[in-house]
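User: Please walk me through the helices of this model. Start with one residue, then take a close look at the pocket and the helices around it.

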Amino acid sequence: LPGPDLLETRYALVRAALRDRDLKRARDVHAAMQRDHPRSEQSSPLLALLHGELLLAENKPGEAATVLQAAFKRHGGYRPLAYLYARAMLRHGKPGEALAFLNQQQSFWAADVQFQQLSAESYQALGQTARAHLAQAEAYVLQDRLSPAIEQLQLAQRDRQTDFYTQSIVDARLRELKSRESAEQVK
């Protein structure tokens with residue numbers, strides 16, 4: 001059996017080929033990895049992530065979502081798998097499923113900027129512009145960037161297609177952030 005050094009070398013080769021957009025080489029080296037180390041993706045979230053990235057690069061978002069979902073079930077604490085799984089579902093045209101998954105993840109990792117940004121993308125794909133701006137505003141708040149957050153909320157306020165509940169959340173959050181910004185300017 002080939003040793004771990006060969007697995008690491010092949011991992012690096014696939015990563016380099018993906019970076020260089022040499023999909024044939026990436027696919028060939030990845031196939032050799034899977035042949036010589038058939039259970040490696042089950043034991044390593046990094047290798048499962050690499051497989052998902054390769055499938056997305058090959059424009060196979062449905063297959064990527066399947067691979068990443070299975071990997072996430074095994075390695076649920078590895079957030080990069082969650083990010084890529086959500087991206088794969090978005091690319092596969094399933095923003096509702098992506099959003100449901102992201103909402104579930106945010107219950108564990110509420111202060112994760114990438115989950116908020118992916119939620120914004122999901123809402124945008126669903127045509128829920130105000131909610132997309134609200135999610136993006138929350139991503140900015142997590143980065144302690146109040147001005148862009150306020151801008152996003154002002155954009156959300158202008159969306160006349162949204163429901164009363166969402167508009168109320170936007171209005172309240174905007175008041176809160178403007179107050180916070182004023183307090184910070186006084187300091």
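Analyst:

**From one residue to the pocket**

Leu84 is found in helix 6, which covers residues 79-91. Keep in mind that this is a predicted model. Is Leu84 buried or exposed? Its relative accessibility is 12%, so Leu84 counts as buried. The cut-off for buried is under 20%. Now look along the chain from Leu84 to Arg160. These two residues are 76 residues apart in sequence, and 32 Å separate their C-alpha atoms.

Next, take Gln69. This residue sits in helix 5, which runs over residues 61-74. Its relative accessible area is 35%, so Gln69 is partly exposed. That label covers values between the buried cut-off of 20% and the exposed cut-off of 50%. The side chain of Gln69 makes a polar contact of 3.4 Å with the side chain of Tyr85. Gln69 can also be compared with Gly52. They are 17 residues apart along the chain, and their C-alpha atoms are 9.7 Å apart.

Gly52 is one of the buried residues of helix 4. The others in that list are Leu47, Ala48, Leu49, Leu50, His51, Leu54, Leu55 and Leu56. Does the length of helix 4 agree or disagree with the expected span? Helix 4 covers residues 45-57, and its 13 residues should span 18 Å at 1.5 Å a residue. The end C-alpha atoms are 18 Å apart, so the two values agree. Just after helix 4 comes Asn59, with a positive phi of about 60°.

Now for the pocket. What is the volume of the largest pocket? The value is about 200 Å³. Its lining is made of Asn103, Gln106, Gln116, Ser119, Tyr123, Arg131, Leu134, Ala135, Glu138, Ile169 and Arg173. Which elements give two or more residues to that lining? They are helix 7 (95-106), helix 8 (113-125), helix 9 (129-142) and helix 11 (164-186). Helix 9 gives the largest share, with four residues. Sorted by class, the lining has four nonpolar, four polar and three charged residues.

Helix 9 deserves its own look. It has 14 residues, which should span 20 Å at 1.5 Å a residue. Its end C-alpha atoms are 20 Å apart, so expectation and model agree. Eleven of the 14 residues are buried, so helix 9 is largely enclosed by the rest of the structure. The buried residues are Ala130, Ala132, His133, Leu134, Ala135, Gln136, Ala137, Glu138, Ala139, Tyr140 and Val141. Leu134, Ala135 and Glu138 are in that buried list, and they are also named in the pocket lining.

Helix 7 is another helix to examine. It has twelve residues and reaches 16 Å from its first C-alpha to its last. That is close to the 16 Å expected at 1.5 Å a residue. Its buried residues are Pro95, Ala98, Leu99, Phe101, Leu102, Gln105 and Gln106. They cover an arc of only 165° around the axis, which puts them on the same side of helix 7. Gln106 belongs to this buried group, and Gln106 also lines the largest pocket.

Tyr123 brings in helix 8, where this residue is found. Tyr123 lines the largest pocket too. With a relative accessible area of 13%, Tyr123 is buried. Compare its place with that of Asp144. The two are 21 residues apart along the chain, and their C-alpha atoms are separated by 22 Å.

Asp144 lies in a loop between helix 9 and helix 10, the latter covering 146-158. Its relative accessible area is 53%, so Asp144 is exposed. The cut-off for exposed is over 50%. Asp144 is not a glycine, yet it has a positive phi of about 60°.

Arg21 can be read in a similar way. It lies in the loop between helix 1 (4-19) and helix 2 (23-36). Its phi is near 60°, a positive value in a residue other than glycine. At 73% relative accessibility, Arg21 counts as exposed.

Finish with Ala26, which lies in helix 2. Its relative accessible area is 0%, so Ala26 is buried. How many residues apart in sequence are Ala26 and Ser147? They are 121 residues apart, with 42 Å between them in space, C-alpha to C-alpha.

Technical notes:
Residues numbered from 1 in each chain as written. Predicted model: local features only at pLDDT ≥ 70, side-chain atom pairs only at ≥ 80, totals over all residues. Heavy atoms only, no water. 1 Å grid on protein atoms, 1.4 Å probe; cavity = no way out; pocket = protein on both sides within 12 Å on 5 of 7 lines; lining within 4 Å. Points joined across faces, edges and corners; volume = space filled by probe spheres on them. Nonpolar A, V, L, I, M, F, W, Y, C, P; charged D, E, K, R; others polar. Buried < 20%, exposed > 50% of the residue type's maximum accessible area, 1.4 Å probe, protein only. Polar contact = N/O pair within 3.5 Å; in protein donor to acceptor, adjacent residues only side chain to side chain. Expected span 1.5 Å × (residues − 1). Arc of directions from axis to C-beta.
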